[in-house]
Amino acid sequence: RFRTTRLEATHVNAWSNLALLYENNGRLDEAERVLNEARERVPHHGGFVSTLANVLAKQGRYDESEPFYKAAIEANPRSASLHGNLAVMYHRAGKLDEAEREYGLSLQLEPNNDLMKENLGKLVNEKNRRDNKKT
């Protein structure tokens, strides 16, 4: 026989793991639902905010994801990965100047992050191509 386990309101890791499971399997609507429910049930836990920002951004809902990224950064301003995630979101949204700023902040905090260096290089090339088309 199988028994189901009830997810307790305060089991933060369980909520996070369930949301990440949905996110990693492309079930973004379900991940968003779980994260919103988790935020209601455990409002003092800020870890859900950055995951929700990622889920929204993966759906192309950039304007909705931005305040969540900013809230996560406000709570943890020295997180290179949070600045990097915001940079990627800006880059995908076509906000290249904002993306460049956030990539730079991410690299100030973690100078040896090869992925951020690569992303910044792509962004600079994209901006150069854009600027060359204008002339």
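Visitor: Which residues touch the most other members of the largest nonpolar core?
Guide: This is a predicted model: local features need pLDDT of at least 70 and side-chain atom pairs pLDDT 80 or more, while totals for chains, interfaces and linings use all residues. Residues are numbered from 1 along each chain as its sequence is written, and side-chain values use heavy atoms, leaving out hydrogens and water. A nonpolar core is a set of buried Ala, Val, Leu, Ile, Met, Phe, Trp, Tyr and Cys residues joined through side-chain atoms within 4.5 Å; buried means under 20% relative accessible area, exposed over 50%, partly exposed in between (1.4 Å probe, protein chains only). Among this core's 18 residues, the ones you're after are Y69, L86, M89, Y90, A99, Y103 and L123.

Visitor: Which element gives the most to this core?
Guide: Helices are DSSP runs of H or I, at least four residues, numbered from the N terminus. Two or more core residues come from each of α3, α4 (62–75), α5 (80–93), α6 (96–109) and α7 (114–134). The top giver, with 6 residues, is α5.

Visitor: Why do the buried residues of α2 line one face of the helix?
Guide: The buried ones are L28, A31, E32, V34, L35 and A38. The arc comes from the directions from the helix axis to the C-beta atoms. Seen down the axis of α2, they line one face because they fall within an arc of 165 degrees.

Visitor: What do those buried residues of α2 pack against?
Guide: On the other side of α2, D29 and E40 are exposed. Contact means heavy atoms within 4.5 Å. The buried residues pack against α1 (12–24) and α3 (47–58).
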